[in-house]
Amino acid sequence: MKGSVDFDPYAPDIVNAGPKAWADFGRQRPLCHYRGKFDFYISSDYQDIKSGILRDNETWLYSKGTSPKMLDPRLACGMMTDPPHHHGIRAIVQRGFAPRRLERLALEIDTLMDELIDAMLAMPETQGNFFDLFAMPLAARLMCIMLGAPEGSYRLYKDWADDFMYDIFNNVSDSAEAAQKGQLMAESLALLIANRRNCLEEQGVEPTLEHVGTLLPDDFISRFICDKVDGRYLTEWEIISLLLSIINGGNETTMNLICNLLWRLLENPELWAAVKAQPALVPLAVEESLRFDPPVIGMFRTTAQSTELQGEIIPANTKVMYNIAAANRDPAVWDNPDEFRLDRELATLRQHHVSFSGGSHLCLGFGLARMEVRQVLEKLVVRLPDLRLIGEPRRAPGFNFWGHDDLPVAWD
Ligand code: HEM
């Protein structure tokens with residue numbers, strides 16, 4: 001069945017039900033035209049998504065924004081571009097996730113986790129909100145370390161990113177408050193960039209990658225100043241835009257994955273016991289959580305020209321959301337798709353779920369996110385083996401991110 005339906009992504013029951021509701025709906029309607037708060041299509045067919053929308057960059061544009069709103073063309077730079085220009089920009093960011101950098105970040109993650117768990121164990125009450133106590137500060141502080149922003153400002157950057165992301169996906173009119181916060185975030189990044197440039201100027205040297213990790217700290221700000229695309233340095237605004245893409249793309253997603261995973265395991269103590277008994281299950285648990293509870297339920301593209309999907313013509317310049325939750329639970333791809341299981345094949349999971357998207361815009365942080373959340377689980381089963389749920393988690397606001405910002409737990 002096609003055409004307009006009464007499925008409303010913004011209805012509280014759908015928002016609260018998350019991926020299950022999106023998968024159920026997607027099975028009934030592989031393509032749906034939603035006309036409500038916004039006007040967009042929702043594509044839920046696994047092949048349409050994986051082999052069509054995520055592969056054909058000439059039809060499915062990224063540069064018009066990945067939300068239901070059209071991106072201001074002045075902002076279509078940095079990461080917010082289409083191939084072929086996008087390839088060079090991606091390569092710059094990718095160099096920042098080189099194996100040696102990830103190895104060093106793994107050490108930072110370990111130190112941060114121990115600090116956060118020590119603080120939990122020192123609390124007189126042996127219970128609290130795991131999101132506030134662990135998932136959020138871990139991911140947000142690591143983000144500041146990666147960028148080269150002051151670690152003490154992690155809450156500020158995380159709140160700015162939350163407000164910005166909520167606004168572009170949920171508010172029809174741009175909120176003045178979110179715009180002002182975006183401006184503040186850009187100004188604070190501009191200051192950090194200027195400090196790095198001054199440092200090179202004082203030494204009388206040109207920006208080159210050999211200064212990253214030597215004269216300058218090894219982080220994204222240094223890297224974006226020193227690296228080149230098409231033989232030229234990035235403009236100030238390109239650097240800010242790249243930094244914003246990383247902050248916006250990597251904060252909420254990683255926190256969601258940590259809390260979603262822990263929630264599913266604690267909700268079913270047999271699974272938690274299985275991971276404790278067999279830490280080799282950790283990578284599988286992380287991957288199954290990504291499939292079953294995708295931190296991002298869906299993202300948007302814009303049609304460059306009219307195109308056919310499921311026998312329907314979608315006009316040019318139309319927003320289409322690809323439904324990650326439905327692709328991840330497609331019964332043609334997965335046995336018992338609505339069950340969270342630890343006996344699936346790791347390679348199959350990794351190959352088929354689309355929680356990190358795919359094609360030219362495949363998430364650049366996927367290696368880091370996988371590594372970080374594996375480390376989290378390995379650490380928790382050792383240092384907090386008696387973790388247990390003591391209440392219902394609270395759904396974080398927004399329709400297309402799937403996460404919980406209150407996960408009430410207790411420990412001994
Ligand atoms: C569990 C964690 C994460 C999930 C589920 C996730 C998911 C995604 C998804 C679905 C996209 C595609 C967006 C689209 O199609 O419009 C994406 C892109 C991206 N992600 Fe992630 N992400 C995660 C973590 C991270 C982290 C930690 C970083 C950076 C530190 C990051 C940086 C990016 C960037 C820069 C892009 C844009 C890539 C491009 O346009 O070429 N992500 N991510």
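These legends go with close-up views of a predicted model.

**View A. A three-strand open sheet, with strands in the order 4-14-11.**
Start with how sheets are held together in general: their strands pair through backbone hydrogen bonds, either parallel or antiparallel. In this view, the pairing is antiparallel. Which strands stand at the edges? They are strand 4 (127-129) and strand 11 (388-389), each with a single partner strand, so one side of each has no neighbour in the sheet. Look along strand 4 and strand 14 (residues 408-410), and you'll find three bridges between them. One spot to pick out is Gly128, whose bridge partner in strand 14 is Val409. Helix 6 (residues 130-147) packs on this sheet and touches both strand 4 and strand 14. The direction of helix 6 makes about 55° with that of strand 4.

**View B. Helix 2 (residues 19-28) and its buried residues.**
Which residues of helix 2 are buried? Pro19, Ala21, Trp22, Ala23, Phe25 and Gly26 are. Now see what they pack against: on the helical side of the list there are helix 1 (12-17), helix 12 (282-292) and helix 13 (324-327). Strands join in too, namely strand 1 (31-35), strand 2 (39-43) and strand 10 (319-323).

**View C. The second largest pocket, with about 270 Å³ of space.**
How many residues line the second largest pocket? There are 18, and Lys158, Asp162, Glu252, Ala396 and Pro397 lie nearest its centre. Helix 7 (154-170) and helix 10 (236-267) each supply at least two residues of this lining. Helix 7 gives the largest share, eight residues. As for chemistry, the lining is a mix of seven nonpolar, four polar and seven charged residues.

**View D. The largest cavity, with a volume of about 30 Å³.**
How do you spot a gap like this at all? Rolling a probe the size of a water molecule over the atoms shows where empty space is left. The structure has one cavity of 30 Å³ or more. Around the largest cavity sit Ile258, Leu261, Leu262, Val373, Val376, Leu377 and Leu380. Helix 10 and helix 15 (366-383) are the elements that give two or more residues to this lining, and helix 15 brings the largest share, with four. What kinds of residues are these? Seven are nonpolar, with no polar and no charged ones in the lining.

**View E. A cis peptide bond between Pro83 and Pro84.**
A quick rule of thumb: most residues other than glycine have a negative phi, and most peptide bonds are trans. Here, though, the bond joining Pro83 and Pro84 is cis, with omega at about 10°. Where is Pro84? Find it in the loop between strand 3 (60-61) and helix 4 (85-95).

**View F. Gln310 and Asn336, each with a positive phi.**
Gln310 isn't a glycine, yet its phi is positive, near 55°. Gln310 sits in the loop between strand 8 (307-309) and strand 9 (312-314). Why is Gln310 called partly exposed? Its relative accessible area is 30%, and the label covers values between the 20% limit for buried and the 50% limit for exposed. Asn336 has a positive phi as well, near 40°. You'll find Asn336 in the loop between helix 13 and helix 14 (346-352). Asn336 is also partly exposed, with a relative accessible area of 41%.

Methods:
Residues are numbered from 1 along each chain as its sequence is written. This is a predicted model: local features need pLDDT of at least 70, side-chain atom pairs count only at pLDDT 80 or more; totals for chains, interfaces and linings use all residues. Side-chain values use heavy atoms; hydrogens and water are left out. Two strands pair if DSSP finds at least two bridges between them. Contact means heavy atoms within 4.5 Å. Axes are lines fitted to C-alpha atoms, for helices over the stretch in contact, and angles run from 0 to 180 degrees between N-to-C directions. Buried means under 20% relative accessible area, exposed over 50%, partly exposed in between (1.4 Å probe, protein chains only). On a 1 Å grid over the protein atoms alone, a cavity is a set of points where a 1.4 Å probe fits but cannot get out, and a pocket is an open set with protein on both sides within 12 Å along at least five of seven lines; lining residues have an atom within 4 Å of a point. Grid points are joined across faces, edges and corners, and a volume is the space filled by probe spheres set on the points. Ala, Val, Leu, Ile, Met, Phe, Trp, Tyr, Cys and Pro count as nonpolar, Asp, Glu, Lys and Arg as charged, and the others, Gly among them, as polar.
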